[in-house]
Amino acid sequence: MNPETTWAAQAAANRKAVGAQKPLVHNITNYVVMNFTANILLAAGAAPVMAHAENEVEEMVAFAKALVLNIGTLDDAWIAAMLKAGRKASELGVPVILDPVGAGATTLRTEAARRILGEVRVSLVRGNASEILALSGAEARTRGVDSADTVEAAAARAGALARDLGVPVAITGPVDCVTDGRRVLRVANGHPLMGCVTGTGCGATAIIGAFAGVDADPVSAAATGLAYYGLAGEVAADGAAGPGSFMIRFLDALHALTPEELEQGVRIQEG
Amino acid sequence: MNPETTWAAQAAANRKAVGAQKPLVHNITNYVVMNFTANILLAAGAAPVMAHAENEVEEMVAFAKALVLNIGTLDDAWIAAMLKAGRKASELGVPVILDPVGAGATTLRTEAARRILGEVRVSLVRGNASEILALSGAEARTRGVDSADTVEAAAARAGALARDLGVPVAITGPVDCVTDGRRVLRVANGHPLMGCVTGTGCGATAIIGAFAGVDADPVSAAATGLAYYGLAGEVAADGAAGPGSFMIRFLDALHALTPEELEQGVRIQEG
Amino acid sequence: MNPETTWAAQAAANRKAVGAQKPLVHNITNYVVMNFTANILLAAGAAPVMAHAENEVEEMVAFAKALVLNIGTLDDAWIAAMLKAGRKASELGVPVILDPVGAGATTLRTEAARRILGEVRVSLVRGNASEILALSGAEARTRGVDSADTVEAAAARAGALARDLGVPVAITGPVDCVTDGRRVLRVANGHPLMGCVTGTGCGATAIIGAFAGVDADPVSAAATGLAYYGLAGEVAADGAAGPGSFMIRFLDALHALTPEELEQGVRIQEG
């Protein structure tokens, strides 16, 4: 089999496993996207839970198959809870997926992301180009929480970042890039309407969490999760009248997409 | 009239009263479902308000016809606000409906639910089977915020729990069970797609709040509210392409369902 | 040109400018509407960001073209953040739009709104009739967060309020009223279904923020923003089956509405 066929089969297998195992994904995420994230995970067949109190996150993460840390609406108490949950997850071998929303925009966010990367055994970071550039120490043009940089610009730095941190990186955009500093995968699934709905990036991170709950290789979990997510976006866009109907059709598509359809539609390339 | 006819008439009367009186429902609820809960209450004709600051909850609850306490994304400050609002509601005779989201999953949640039950005159508890089992002191298999137990298993304990606490209990699932330890009502309305959308359980609790705002008997408010809610789910599922379109059609159905249609569709049985 | 034609042209120009300039709107808003607000702004072509931590709001607002302060789910820490962000915005000349959700319902909210008006150079206040009456010191019949007063009752006080504060006021309802105490504009666009979805008032404030990001005259920004918003509501209502489908069609309509269509549909009158 050529590598692309292998990735298609892996995507289908992961999609099937999420539906069968219904991995519990513990999210400490931002207020804006909590509802949409939970609905995305449910539509995919996973089991979301949101819990952020310092005095319960360790207990909650112990049930989870993945922990998603998202710094989108941050304050000091939430950072403390993320660190506590993250350290417990590290200890238990629960994969931790970090979404550094707005890194580069404010010092609080950039430093929170770096601190999590320093104190928690993160399995993968998923961000937009500007966020990844900011984490790599490069000049980023984060505009609030939106990227003003290209995936390719960030991809050029992502390999070194992944090697330095020992943490694979996924950059999402028109074509996503996933790398651990050695392998480089590009995922061409997706649709521009995804950028017109808030929380589609955060939802991608949560789906990577669900896939990481059934696939021990974070690079594979990320690439196949992003392909599934992007293909659902393509299906949803077909017939959508705008961002509102797209958002609803997207949840329907995440739910309906079979492993077989995914295997046909995956566009993952290595190198 | 046979009892089933009586319950159908009561459901229709309550639905009508909610639309006419537009009861103000004060919610102290979790971040994930705040928006959906407000939209559910508005669609039903009730008036939602969310307020959680310790220094305003007593003033706010004084306007309300019901108070809904939901422990879904808890921390210590929110517990304090719930207790304060709950005690004020008890004092004023405002019905309090408790949703013990995730009781049994973490100590914080189980203890918060018990503390509210101890310090507040709760009118009714609405939970899934695992949450109700956890409150009854039985071994529960809460999985994050999802139930891994059957309604029947929880129903077997719910009568004793209701008598011990002096608080009626509603367990939701494929067939809901409402009991005060004396009467037992079963509500067969509903649809499996409700489990694919986050916050449908929390929304059921809020609807019980709205019905409790117009019906002084909490068992009757819960059973008729759940029948209305479940019937809207049945209507919404017919033609839905997945959980996204279901969610939207569900709000439409809650809004459109007339007292007459409800009277025809109610499936409440005693015993 | 008669004044109505002028306003239609201004609305079209502002709509076009929002799409072209994609103004970053920094929102410190309530939990209930964060997601819907972000989606409304994105659908309009603006760039939303939510950030509330005291130790990042000054940095974030420095990037913004407008700051929206919404007191819908308030506590003391959020008030402090709003004041800090608001003072920085005042210093930088970033327009600040205030939404006094529930002013008049509780002391905390009324005082928070007054304190913001006292300490921040607010560009415009957008509220419902009861909220504006409460701020004017009149007896208001706020019911939770809903108005029980008429726009006309509030409009009678809004001119004096605007002159006293030196801050223009927009009152939304069946026909909106915008005044700086000298000019009075009435906006007749809108649809009753907007009242059946939570956060449509908050979303109106956010859209005024986006328009204020491209139009230096807050009265003009408010009237044209409300006309655009209301016209999208009219388009969305045509064919909606209820509040759920309306909400989705509303996002689609905000996205699809062209400057030319807006120019045709605007109903703004002076005097």
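A residue is called buried here if 20 or more other C-beta atoms, placed from the backbone, lie within 10 Å of its own, exposed if 12 or fewer do, and partly exposed in between. Residues are numbered from 1 along each chain as its sequence is written, while chains are lettered from A and ligands numbered from 1 in the order in which they are written. The model is predicted, and local features need pLDDT of at least 70, side-chain atom pairs count only at pLDDT 80 or more, and totals for chains, interfaces and linings use all residues.

**View 1. Helix H4 of chain B and its buried residues**. Let us start inside one chain. Helix H4(B) runs over residues 76–92 (helices are DSSP runs of H or I, at least four residues, and strands are runs of E, at least two, numbered from the N terminus). Its 17 residues reach 24 Å from the first C-alpha to the last, close to the expected 24 Å (1.5 Å times one less than the number of residues). Buried along H4(B) are Trp78(B), Ile79(B), Ala81(B), Met82(B), Lys84(B), Ala85(B), Gly86(B), Lys88(B) and Ala89(B). They pack against strands S1 (24–28), S3 (66–70) and S4 (96–99), and against helices H3 and H5, of chain B. Just after the helix, look for Gly93(B), which has a positive phi of about 75°.

**View 2. Helices H2 and H10 of chain B, side by side**. The two axes come within 7 Å and cross at roughly 30° (axes are lines fitted to C-alpha atoms, for helices over the stretch in contact, with angles from 0 to 180 degrees between N-to-C directions). H2(B) and H10(B) are therefore roughly parallel (angles under 35 degrees count as such). From H2(B), Asn39(B), Ile40(B), Ala43(B) and Ala44(B) meet Leu251(B), Leu254(B) and His255(B) of H10(B). By class, this contact has five nonpolar, two polar and no charged residues (Ala, Val, Leu, Ile, Met, Phe, Trp, Tyr, Cys and Pro are nonpolar, Asp, Glu, Lys and Arg charged, and the others, Gly among them, polar).

**View 3. Where chain B meets chain C**. Each chain brings 27 residues to this contact (two residues are in contact if their C-beta atoms, placed from the backbone, lie within 7 Å). On the chain B side, two or more residues come from each of H2 (34–44), strand S2 (47–50), H3 (57–61) and H10 (243–256). H10(B) gives the largest share, seven residues. This side of chain B divides into 18 nonpolar, five polar and four charged residues.

**View 4. Where chain B meets chain A**. Here, too, you will find 27 residues of chain B in contact with 27 of chain A. H2, H5 (107–119) and H10 of chain B each give two or more residues to the chain B side. H10(B) again gives the most, with four residues. The class count is 13 nonpolar, ten polar and four charged.

**View 5. The axis beside Tyr31(B)**. Chain B falls on chain C by a rotation of 120° with 0.0 Å of shift along the axis, at an RMSD of 0.0 Å (a least-squares fit on C-alpha atoms of residues with pLDDT of at least 70 in both copies). That is the relation of a three-fold axis. In chain B, the C-alpha nearest the axis belongs to Tyr31(B), 3.8 Å from it. Only 11% of the interface residues of chain B are also interface residues in chain C, so the copies meet through different surfaces. A turn of 120° and a shift of 0.0 Å along the axis likewise lay chain B on chain A, with an RMSD of 0.0 Å.

Note on methods: Parallel < 35°, antiparallel > 145°, perpendicular 65-115°, else oblique.
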